[in-house]
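This briefing covers one protein chain, from its overall make-up down to a few individual residues. Please keep the sequence and the structure at hand while reading.

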Amino acid sequence: MPARVEYTAAIRRRRLLRWTLLLLATALGATILADHLGAFGYRGDDLDRFDRRRAIIRAVNDDATVQVSTDRGDANVVLLGADPGAGAAQFLRSFVGRSILIRLEPLQSRDAAGRLRAYLYLDDSNVLNVDLVREGWARAERRVRHSLAALMDGAELEAKKKRRGLWKPTTTSATSRSS
């Protein structure tokens with residue numbers, strides 16, 4: 001009889017292990033499904049929805065964010081590679097209503113605030129992000145790696161050299177010297 005009791009206990013442990021693994025696999029599958037249905041804020045595939053899509057710049061939210069509309073939806077976009085300063089919003093407002101092409105980096109399409117990180121192409125060779133830096137209204141962003149980093153660095157050097165925007169000399173009041 002003791003051998004039969006050990007055999008029955010082993011079978012029970014094996015069944016318990018199987019049911020536990022089945023329950024964990026089911027919970028994992030349900031979590032993945034809920035995520036894709038939007039229960040956890042899943043936005044869908046940004047590359048499919050926005051990359052290489054034509055859009056219209058609808059508004060400038062602040063120095064760092066523009067609102068765009070595509071046939072696949074609207075998005076708040078942060079200009080990738082540009083760290084804007086004072087005056088950037090004024091510069092960006094001149095592009096409201098313009099048609100642009102959105103280009104995303106494959107592995108970093110959103111920032112921590114959920115905004116789309118993108119390059120906005122005005123035409124085949126003119127990138128609004130680079131123009132913002134070249135005109136001196138933004139610095140080249142060096143905290144995040146991106147594919148146009150070298151172009152952004154060159155645009156920043158040009159802005160500094162030509163003293164545009166953020167690098168424009170400020171007038172200072174005369175100071176009195178004391179002896």
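The points below go from the whole chain to helix H4 and then to a surface patch.

The structure is a predicted model. Its chain has 179 residues, of which 31% are buried. Five helices and seven strands make up its secondary structure.

**Whole chain**
- Along the sequence, the elements come in the order α-α-β-β-β-β-α-β-β-α-β-α.
- Of the contacts between residues at least 6 apart in sequence, 58% join residues at least 24 apart.
- The exposed area of the chain is about 11900 Å², and 54% of that comes from carbon and sulfur atoms.

**Asn 129 in helix H4**
- Helix H4 spans residues 128-134 and includes Asn 129.
- Asn 129 has a relative accessible area of 0%, so it is buried, the cut-off for buried being under 20%.
- The side chain of Asn 129 lies 2.9 Å from the backbone nitrogen of Leu 120.
- Leu 120 is also among the residues in contact with Asn 129 when neighbours within four places in sequence are left aside. The others in that set are Leu 79, Leu 80, Ala 82, Ala 118, Tyr 119 and Met 152.

**Val 133 in helix H4**
- Val 133 is another residue of helix H4.
- Val 133 counts as buried because its relative accessibility is 0%.
- The C-alpha atoms of Val 133 and Pro 84 are 7.9 Å apart in space, while the two residues are 49 residues apart in sequence.
- With neighbours within four places in sequence left aside, Val 133 is in contact with Gly 81, Ala 82, Ala 138, Arg 139 and Ala 140. Met 152, Ala 155, Glu 156 and Ala 159 are also in contact with Val 133.
- Ala 82 and Met 152 appear among the contacts of Asn 129 and among those of Val 133.

**Surface patch and helix H1**
- Leu 17, Leu 21 and Leu 24 form a nonpolar patch on the surface.
- Together, the three residues of this patch have about 320 Å² of accessible area.
- Leu 17 belongs to helix H1, which covers residues 2-36.
- Leu 17 is exposed because its relative accessible area is 52%, the cut-off for exposed being over 50%.
- Leu 17 is thus exposed, whereas Asn 129 and Val 133 are buried.

Definitions and conventions. Residues are numbered from 1 along each chain as its sequence is written. This is a predicted model: local features need pLDDT of at least 70, side-chain atom pairs count only at pLDDT 80 or more; totals for chains, interfaces and linings use all residues. Side-chain values use heavy atoms; hydrogens and water are left out. Helices (H or I, at least four residues) and strands (E, at least two) are DSSP runs, numbered from the N terminus. Buried means under 20% relative accessible area, exposed over 50%, partly exposed in between (1.4 Å probe, protein chains only). Contact means heavy atoms within 4.5 Å. Accessible areas come from the Shrake-Rupley method with a 1.4 Å probe; for residues, only the protein chains shown count as cover. A polar contact is a pair of N or O atoms within 3.5 Å; within protein, one must be able to donate a hydrogen and the other to accept it, and residues adjacent in sequence count only if both atoms are side-chain atoms. Patches are made of residues with over 30% relative accessible area and no salt bridge: like charges are joined within 9 Å, nonpolar side chains (Val, Leu, Ile, Met, Phe, Trp, Tyr) within 5 Å. A salt bridge is a side-chain nitrogen of Lys or Arg within 4 Å of a carboxyl oxygen of Asp or Glu.
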